[in-house]
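Please look through the model that follows with its sequence alongside. The paragraphs after it lead from single residues to helices and then to the backbone.

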Amino acid sequence: MADRAVENHSADGRIAHRVRGVRDASEVNRKRWDALAARHGLGEDSYYDVPGFLAGGAALNERETSEMAAAVGQVSGLDLVHLQCHFGLCTLSWARRGARVTGVDFSPVAIERARRLAAEAGLTAEFVQADVRDLPASLAGRFDVVFASYGVLVWISSVAAWMRSAASCLRPGGALVLIDIHPLVQMTDGVQPLVVDFPYSGEEPQTFHSDVSYAIGGLDDSVAESVQYPHGLGEIVTAAAAAGLTVESLTEWFDEKGDPRLVIGDDGRGRFPVGNQYLPTSYALRARRR
């Protein structure tokens with residue numbers, strides 16, 4: 001669903017409305033992600049470097065590769081499933097490093113694009129259209145590692161269901177590598193001045209209306225709505241433990257690239273200043289199936 005995707009508040013000009021009992025939220029979000037998958041990485045944006053990937057590059061940053069190395073070492077020869085893979089750029093980057101990869105996303109448009117991209121790149125990969133909260137039985141117990149990064153859990157109504165799905169994919173001893181935007185940053189519309197328009201936790205659905213994404217603009221009004229969900233770190237770690245995963249590491253980082261909500265320094269990195277201190281901007285959770 002979100003191949004390193006983050007829906008920024010100010011950058012998207014989104015208007016938030018708290019709602020209760022959202023009906024058909026998955027369909028609302030699927031329509032939006034179908035529209036994004038049809039346009040991302042096709043020359044309108046600089047966010048997805050598809051030509052660079054096809055020329056031999058990789059769509060993975062240092063934090064993704066280092067967390068993966070800490071969890072499993074080299075991915076070559078391992079079975080890896082990427083949850084919410086969008087159109088497969090990161091999934092196929094792991095394939096290029098030697099993993100046997102499967103990508104999962106709820107958008108049929110994204111899955112079809114991922115399959116075409118794999119063929120164009122000459123890489124072997126399986127792509128499955130499915131809701132990550134309720135994965136098909138064919139994925140159960142097949143993988144050495146579950147991977148997901150950036151813009152992941154905010155789209156999920158139940159982090160407990162997401163963690164159960166992730167755990168169900170893993171062989172005994174298999175690892176989960178989850179990297180995501182920190183809940184503190186998800187709360188904000190901007191940090192200078194500080195504007196908070198999203199809960200820290202609780203999973204209560206929030207609707208937003210925006211005609212731009214983190215990568216493109218000019219979206220049709222029919223796909224401008226989205227529904228997102230707050231999950232605190234405590235809820236995330238507790239859900240992992242309840243799903244039968246042993247948490248090995250929870251890392252918080254204090255700088256980020258390319259998030260306009262943050263204060264951008266001379267080094268090009270965004271930070272979240274409070275007084276003379278910084279709050280965390282993203283995190284990595286590594287866990288293992290018992």
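Contact here means that heavy atoms lie within 4.5 Å of each other. The structure is a predicted model, in which local features need a pLDDT of at least 70 and side-chain atom pairs count only at pLDDT 80 or more, whereas totals for chains, interfaces and linings use all residues. Residues are numbered from 1 along each chain as its sequence is written, and side-chain values use heavy atoms, with hydrogens and water left out.

The predictor's confidence in each residue is expressed as pLDDT, on a scale from 0 to 100. For the protein chain the mean pLDDT is 91, and 92% of the residues reach 70 or more. Residues 8-21 have a pLDDT below 50, although in the model this stretch has 44 contacts beyond near neighbours in sequence.

A useful place to begin is glutamate 256, which belongs to strand β12, residues 256-257. Helices (H or I, at least four residues) and strands (E, at least two) are DSSP runs, numbered from the N terminus. Is glutamate 256 buried or exposed? The answer depends on relative accessible area, where buried means under 20%, exposed over 50%, and partly exposed in between, with a 1.4 Å probe and protein chains only. Glutamate 256 counts as buried because its relative accessibility is 6%. When residues up to four places away in sequence are not counted, glutamate 256 touches Arg63, Tyr150, Leu262, Gly268, Arg269, Gly270, Thr281 and Ser282. With threonine 281 there is also a polar contact of 3.2 Å between the two side chains; such a contact is a pair of N or O atoms within 3.5 Å, and within protein one must be able to donate a hydrogen and the other to accept it, while residues adjacent in sequence count only if both atoms are side-chain atoms.

A second glutamate, residue 67, is found in helix α4, which spans residues 62-72. Glutamate 67 has a relative accessibility of 8% and therefore counts as buried. Leaving out residues up to four places away in sequence, glutamate 67 touches Val177, Ile179, Thr251, Trp253, Ala284 and Arg286. The C-alpha atom of glutamate 67 is separated by 10 Å from that of phenylalanine 147, although these residues are 80 residues apart along the chain.

Two helices can be considered next for how they are covered. In helix α5 (residues 89-96), seven of the eight residues are buried, namely Leu89, Cys90, Thr91, Leu92, Ser93, Trp94 and Ala95. Just after α5, glycine 98 takes a positive phi of about 105 degrees. Helix α7 (residues 159-169) is also mostly covered, with eight of its eleven residues buried; these are Val159, Ala161, Trp162, Met163, Ser165, Ala166, Ala167 and Cys169. The elements that cover the buried residues of α7 include the strands β2 (79-83), β5 (143-149), β6 (170-181), β11 (245-253) and β16 (282-289), together with helix α9 (233-242).

Two packed helices are described by the angle between their axes and the distance between the axes. The axes of α2 (residues 25-37) and α6 (residues 108-121) come within 7 Å and cross at roughly 30 degrees, where axes are lines fitted to C-alpha atoms, for helices over the stretch in contact, and angles run from 0 to 180 degrees between N-to-C directions. That angle makes α2 roughly parallel to α6, since angles under 35 degrees count as roughly parallel, over 145 as roughly antiparallel, 65 to 115 as roughly perpendicular and the rest as oblique. The contact is formed by Arg30, Asp34 and Ala37 of α2 with Pro108, Val109, Ala110 and Arg113 of α6.

The loops deserve attention as well. Between β5 and α7 lies valine 152, which counts as buried because its relative accessibility is 1%. Apart from neighbours within four places in sequence, valine 152 is in contact with Gln84, Trp162, Leu178, Ile179 and Asp180. One of these partners, glutamine 84, lies in the loop between β2 and α5 and has a phi near 60 degrees, a positive value in a residue other than glycine. Glutamine 84 is buried, with a relative accessible area of 1%.

Tyrosine 150 is placed in the loop between β5 and α7, and its phi is positive, about 60 degrees, although tyrosine 150 is not a glycine. At 5% relative accessibility, tyrosine 150 counts as buried, and it is one of the residues that glutamate 256 touches. Finally, the peptide bond from glutamine 192 to proline 193 is cis, with omega near 0 degrees, and proline 193 sits in the loop between β7 (188-191) and β8 (194-196).
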